[in-house]
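Work through the exercises below with the structure in view. Each task is followed by a solution in steps.

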Amino acid sequence: MEDLPAQKLHRSVGRAAGTNPAVRFNKLDTHAVDDGWSPQEDVPVLRTEVSDEVARTVISRNTSPDLSFDRSINPYRGCEHGCIYCFARPSHAFLGLSPGLDFETKLIARPNAAAQLRKELSHPRYVPRMIAIGTNTDPYQPIEKTRLIMRQVLEVLRDFNHPVGIVTKGTLIERDVDILASMAAKGLVRVGLSITTLDPKTARAMEPRVPTPAARLRTIGRLADAGIPVRVMVAPVVPALTDHELEAILAAAKEAGATAASAVVLRLPREVAGLFRDWVAAHYPDRASRIMGRVRELHGGKDYDPDFGTRMTGQGAWADMLRQRFKLATRKLELDRALPPLRTDLFARPAQRGDQLSLF
C-alpha cells in the first residue's frame with residue numbers, strides 16, 4: 001500500500017503545517033498508509049493542548065556570534081501562532097514532539113517562570129545584561145491571554161530594574177503597556193515587532209494565528225505613543241514571495257511610529273525545510289520551484305546553511321541586492337539608526353522578607 005498524500009491526511013483549518021514529521025530522536029517511526037477507505041474530506045479543527053512544565057532554570061545562555069544577546073527567557077515551548085517558516089520548530093523534537101503540527105497544537109507552559117526568575121536574579125553573583133524574550137517562541141501567542149506568564153515575568157524584571165528586549169508578532173503586548181512604559185522611561189526596554197508581509201491573504205496562509213499586518217502596525221503606533229522604542233523586523237524575508245514588499249513594510253512601519261529596523265532572510269533548519277517545501281507546493285504551486293531555487297541560492301545550494309555569519313543574511317548576488325535595498329530604504333526613512341543600549345546600572349535586588357535592614 002502507498003502512503004497517503006500528506007496534505008490530504010493532515011490539512012486542518014487554522015494551522016500552517018500540513019504534516020507531523022517523525023521525531024528524529026525516536027527509535028520507532030510510524031507512517032500512515034491507505035487502508036482502502038476514502039479519506040474524510042471534512043477534517044476536524046485541531047484544538048490546542050497545553051501542558052505545564054516546572055522550570056528548574058529559566059534564563060538560557062548562548063554564545064552565538066550572530067546574536068546580540070547572551071541570555072534569553074522562553075515562557076512557552078511551541079507556538080500557537082503556527083508560522084510555517086519558524087526556525088524554532090525543530091526544538092520541539094527535544095520534547096519527543098513533532099516539529100510539524102505538534103509544534104502548533106501541543107504547547108508547554110512554564111507557570112513558575114516568574115518565581116524562578118526572581119530566584120535567579122537574586123543570586124549574589126548574578127551580573128545583569130539584557131535578557132531577550134521571544135527569540136525562540138512568541139511570548140504573546142494566544143494562550144498568554146489567559147496564562148499571564150509573560151506579564152508575571154515582566155513584573156519581576158520591573159521590580160529588579162532589569163533590561164529586557166522583546167520580540168513578538170502578537171498585539172497582546174499592548175496589554176502590558178503599563179509595565180513597559182514605566183521601564184522604557186528608565187531605558188530598560190525595547191521591542192521588536194515582526195511584519196513579514198502587508199498582504200493579509202499571504203499572512204493568513206503563512207502565519208495562520210498571528211494578528212493581521214494592519215493590526216501589528218497599529219500596535220507599533222500604540223507602543224511608540226507610550227514612549228516604548230519599537231524596531232520593525234522584516235523577518236523573515238521570503239524570496240520570490242514577500243521580498244518585493246521590503247520597502248513598503250519599512251515605510252508603513254515608519255509611518256506607524258517605528259524608530260529602527262532590521263531584516264533577516266528565510267532560514268529553514270532541519271525539519272522546517274520539508275514543512276516549508278510542502279507548504280509552498282500546496283499554496284503557491286505556480287512559483288514553488290522559483291521560491292525554493294532562490295532559497296538554495298541564498299544558502300550555498302542547500303535548503304539551509306547553518307554557518308555563523310551568513311545564516312541570517314544569506315549569500316550571493318540576491319542577498320547582496322537585498323542588503324543594498326534595505327540600506328537605501330532605511331537611510332531614506334531614517335530607520336538606520338541604532339537604538340541606544342539598555343541600562344544595566346539601575347539593577348537592584350528588591351528587599352525581601354528576612355533581609356537585614358541597611359543602617360544608611
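**Exercise 1. Contacts and burial across the chain**

Task: Find what share of the contacts with a separation of 6 or more in the protein chain comes from residues 24 or more positions apart.

Solution: Residues 24 or more positions apart account for 80% of those contacts. As for burial, 49% of the 360 residues in the chain are buried. The secondary structure comes to twelve helices and ten strands.

**Exercise 2. Confidence**

Task: State how confident the prediction is, and name stretches where the pLDDT is below 50.

Solution: The model is predicted. Its mean pLDDT is 87, and 83% of the residues in the protein chain reach 70 or more. Over residues 1-9 the pLDDT is below 50, and this stretch has 18 contacts in the model beyond near neighbours in sequence. Residues 33-41 also have a pLDDT below 50, with seven contacts in the model counted beyond near neighbours in sequence.

**Exercise 3. Helix 3 against helix 5**

Task: Decide how the axes of helix 3 and helix 5 are oriented to each other.

Solution: Begin with the angle. The axes of helix 3 (residues 113-121) and helix 5 (residues 149-159) cross at roughly 20° and come within 8 Å. Angles under 35 degrees count as roughly parallel. Helix 3 and helix 5 are therefore roughly parallel to each other. Their crossing is right-handed.

Next, list the residues in the contact. Helix 3 contributes Ala113, Ala114, Leu117, Arg118 and Leu121, and helix 5 contributes Ile149, Gln152, Val153, Val156, Leu157 and Asp159.

Last, look at burial in helix 5. Its buried residues are Ile149, Met150, Arg151, Val153, Leu154, Val156 and Leu157. As a general point, an α-helix has 3.6 residues a turn, so residues three or four places apart point the same way.

**Exercise 4. The loop after helix 5**

Task: Describe asparagine 161 and proline 163, which lie in the loop between helix 5 and strand 7.

Solution: Take asparagine 161 to start. This residue comes just after helix 5 and has a positive phi of about 55°. Most residues other than glycine have a negative phi. Asparagine 161 has a relative accessible area of 17% and is buried, because the cut-off for buried is under 20%.

Then take proline 163. Strand 7, on the far side of the loop, covers 164-168. Proline 163 counts as buried, at 0% relative accessibility. Leaving aside neighbours within four places in sequence, proline 163 is in contact with Arg129, Met130, Ile131, Leu188, Leu342, Arg343 and Thr344. Its C-alpha atom is separated by 9.3 Å from that of alanine 184, 21 residues apart along the chain.

**Exercise 5. Strand 9 and the loop that follows**

Task: Is arginine 231 in strand 9 buried, partly exposed or exposed? Then describe the peptide bond between alanine 235 and proline 236, and phi at alanine 240.

Solution: Strand 9 covers residues 230-237 and holds arginine 231. With 22% relative accessibility, arginine 231 counts as partly exposed. Not counting residues up to four places away in sequence, arginine 231 touches Val191, Gly192, Leu193, Ala260, Ala261, Ser262 and Leu339. The C-alpha atoms of arginine 231 and serine 262 are separated by 7.3 Å, though the two are 31 residues apart along the chain.

Proline 236 is also found in strand 9. The bond joining alanine 235 and proline 236 is cis, with omega about -5°. Most peptide bonds are trans.

Alanine 240 is in the loop between strand 9 and helix 9 (246-256). Its phi is positive, about 65°, although it is not a glycine. Alanine 240 is buried, with a relative accessible area of 13%.

**Exercise 6. Helix 10 and helix 11**

Task: Compare the span of helix 10 with the expected value, and find how helix 10 is oriented to helix 11.

Solution: Helix 10 (residues 271-283) has 13 residues and reaches 19 Å from its first C-alpha to its last, close to the 18 Å expected at 1.5 Å a residue. The axes of helix 10 and helix 11 (residues 288-298) come within 9 Å and cross at roughly 150°. That makes helix 10 roughly antiparallel to helix 11, because angles over 145 degrees count as roughly antiparallel.

In helix 10, Phe276, Arg277, Val280 and Ala281 meet Ala288, Ile291, Met292 and Arg296 of helix 11. Among the buried residues of helix 10 are Phe276, Trp279 and Val280.

Terms used. Residues numbered from 1 in each chain as written. Predicted model: local features only at pLDDT ≥ 70, side-chain atom pairs only at ≥ 80, totals over all residues. Heavy atoms only, no water. pLDDT = per-residue confidence, 0-100. Contact = heavy atoms within 4.5 Å. Helix = DSSP H or I, 4+ residues; strand = E, 2+ residues; numbered from the N terminus. Expected span 1.5 Å × (residues − 1). Buried < 20%, exposed > 50% of the residue type's maximum accessible area, 1.4 Å probe, protein only. Axes fitted to C-alpha atoms, helices over the stretch in contact; angles between N-to-C directions. Parallel < 35°, antiparallel > 145°, perpendicular 65-115°, else oblique. Left-handed = near helix turned anticlockwise from the far one by under 90°.
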